[in-house]
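Thanks for asking me to look this one over. Here is my note, in numbered points, to read alongside the coordinates.

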Amino acid sequence: LMRRRMVGATHAAETPETSLSITITNKYFKMLGEEALVPIGQPLRTSSAGALSHGSSNNLEILSHGDEDTLEYRIKASDKTGSKPISLWHDVTLVHVDPATDRPTPYLNFVCEIPKFSRKKYEIATDEVGNFIKQDEKKGVLREFKKGDIFFNYGCLPRTWEDPTFVHPDAEGCRGDNDPVDVCEIGSKIVKTGEIRPVKILGILCMIDEGEADWKVVAIDAEDKWAPFLNDIDDVAKQLPGTLDAIREWFRTYKIPDGKPPNVFGLDEKFMDKHYALEIIKECNHAWKDLITGEKERQLEQCNDEVKGLVRRLSKSNLVDLSAVEDDEQPSF
């Protein structure tokens, strides 16, 4: 893992008791074209409620509840039997699993929150039990992008968390934003809110949003017609010229209509390559594991009250079903 610098806390050593789902097989790394790494911890397990993780959208359905354009409206995932709601943050594996073979693929799962060519600011409710998707609101008013429609599918990687106690050495001294890692999916298909798609990771941009590190992964749907031609960030610049600049400018300017200043970026505003992106994703998957096992909360003694509140709100309100009791054997990144 990359070196860590904590805000008022020290990262605890990995132990068998706190390790849960950070294992990734050498076979998977070979499929990604990366060097094989030593696995950390133990394979993912099922919850005490008997809930299995989901490696793809197979056997899942997305349902809406409540009236659209209201504060109560939610988009929920459940298994097709309707017996159990599914958390799109915690119950979906990071690594995509082929439903035909039940084996890991070279792709990661992408959960779409905001479809391309739309502007309603939907997001996974990380502080609600079940982590359903809702439209963000501020002071009781539903939020949309005042800048206009977004031009790529926007969502996140399940089982990742940008740790607000962690300052990445390339993030201009800024801590994580307390959310799953964001994804800009640049394929041609409009992906529906709540839909899960396998994607190829291409690169990453480090945005600094109001003093917080907010990584933006660039990916493409594995089944998109452009996918065979795009394997790294340089391929995007070559095959789809102007796309990366347009993504950066979208994030730089989208808050200006709200009266806020332009966002800024780390790493000289450069999109980093696939290898760098995978390192960030691994780091954030490790942080997610610390969150769900309670290890992160046990490290909060030296943190300020703001950070304590952010972490405790997540780890106490929506992780009640994630205690480990038996092996699941689904892959985790």
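The points below go from the overall fold to the pocket, the aromatic residues and a few loop positions.

1. Please keep in mind that this is a predicted model. The protein chain contains six helices and 17 strands. Of its 333 residues, 56% count as buried. Among contacts in the chain with a separation of 6 or more, 70% are accounted for by residues 24 or more positions apart.

2. The largest pocket is a good place to begin, and it holds about 1,000 Å³ of space. Its lining is made up of 35 residues, and Lys121, Glu123, Asp136, Asp177 and Asp179 are the ones that lie nearest the centre. Six elements each give two or more residues to this lining: strands S6 (103–114), S7 (122–124), S11 (153–156) and S15 (212–221), together with helices H3 (243–253) and H6 (305–317).

3. What is the make-up of that lining by class? There are 21 charged residues, 12 nonpolar ones and two polar ones. You may want to have these counts at hand when you look at the residues around the pocket centre, which include Lys121 and Asp136.

4. On to the rings. A search of the whole structure turns up 11 aromatic pairs. In one of them, Phe145 and Trp250, the ring centres are 5.4 Å apart and the planes meet at 85°, so the pair is edge-to-face. Phe145 sits in the loop between strand S10 (141–142) and S11, while Trp250 belongs to helix H3; the two are 105 residues apart, and their pairing links distant parts of the chain. Phe145 has a relative accessibility of 7%, which is under the 20% cut-off, so this residue counts as buried. Trp250 is buried too, at 4%.

5. Another edge-to-face pair is formed by Phe151 and Phe152, with 4.8 Å from centre to centre and 80° between the planes. Are these two neighbours buried or exposed? Phe152 is buried, with a relative accessible area of 1%, whereas Phe151 is partly exposed at 31%. Both pairs feed into one aromatic cluster, formed by Phe145, Phe151, Phe152, Tyr154, Trp250, Phe251 and Tyr254.

6. A charge over a ring also deserves a look: Lys76 lies over the face of Phe132, at 4.4 Å from the ring centre.

7. Two backbone angles caught my eye. Most residues other than glycine have a negative phi. Phe117, however, has a positive phi near 65°, and this residue is found in the loop between S6 and S7. Its relative accessibility of 51% is over the 50% cut-off, so Phe117 counts as exposed. Glu210 also has a positive phi, of about 50°, without being a glycine. Glu210 lies in the loop between strand S14 (196–209) and S15, and is exposed, with a relative accessible area of 55%.

8. Finally, which residues does Asn59 touch, leaving out those up to four places away in sequence? They are Ser78, Asp79 and Lys80. Asn59 is placed in the loop between strand S1 (45–46) and strand S2 (60–65), and is partly exposed, with a relative accessible area of 46%. Its C-alpha atom is separated by 9.1 Å from that of Pro99, a residue 40 positions apart from Asn59 along the chain.

Key. Residues are numbered from 1 along each chain as its sequence is written. This is a predicted model: local features need pLDDT of at least 70, side-chain atom pairs count only at pLDDT 80 or more; totals for chains, interfaces and linings use all residues. Side-chain values use heavy atoms; hydrogens and water are left out. On a 1 Å grid over the protein atoms alone, a cavity is a set of points where a 1.4 Å probe fits but cannot get out, and a pocket is an open set with protein on both sides within 12 Å along at least five of seven lines; lining residues have an atom within 4 Å of a point. Grid points are joined across faces, edges and corners, and a volume is the space filled by probe spheres set on the points. Helices (H or I, at least four residues) and strands (E, at least two) are DSSP runs, numbered from the N terminus. Ala, Val, Leu, Ile, Met, Phe, Trp, Tyr, Cys and Pro count as nonpolar, Asp, Glu, Lys and Arg as charged, and the others, Gly among them, as polar. Rings of Phe, Tyr and Trp (its six-membered ring) pair if their centres lie within 6.5 Å; planes under 30 degrees apart count as stacked, over 60 as edge-to-face and the rest as tilted. Buried means under 20% relative accessible area, exposed over 50%, partly exposed in between (1.4 Å probe, protein chains only). A charge sits over a ring if NZ of Lys or CZ of Arg is within 6 Å of the ring centre and within 35 degrees of the ring normal. Contact means heavy atoms within 4.5 Å.
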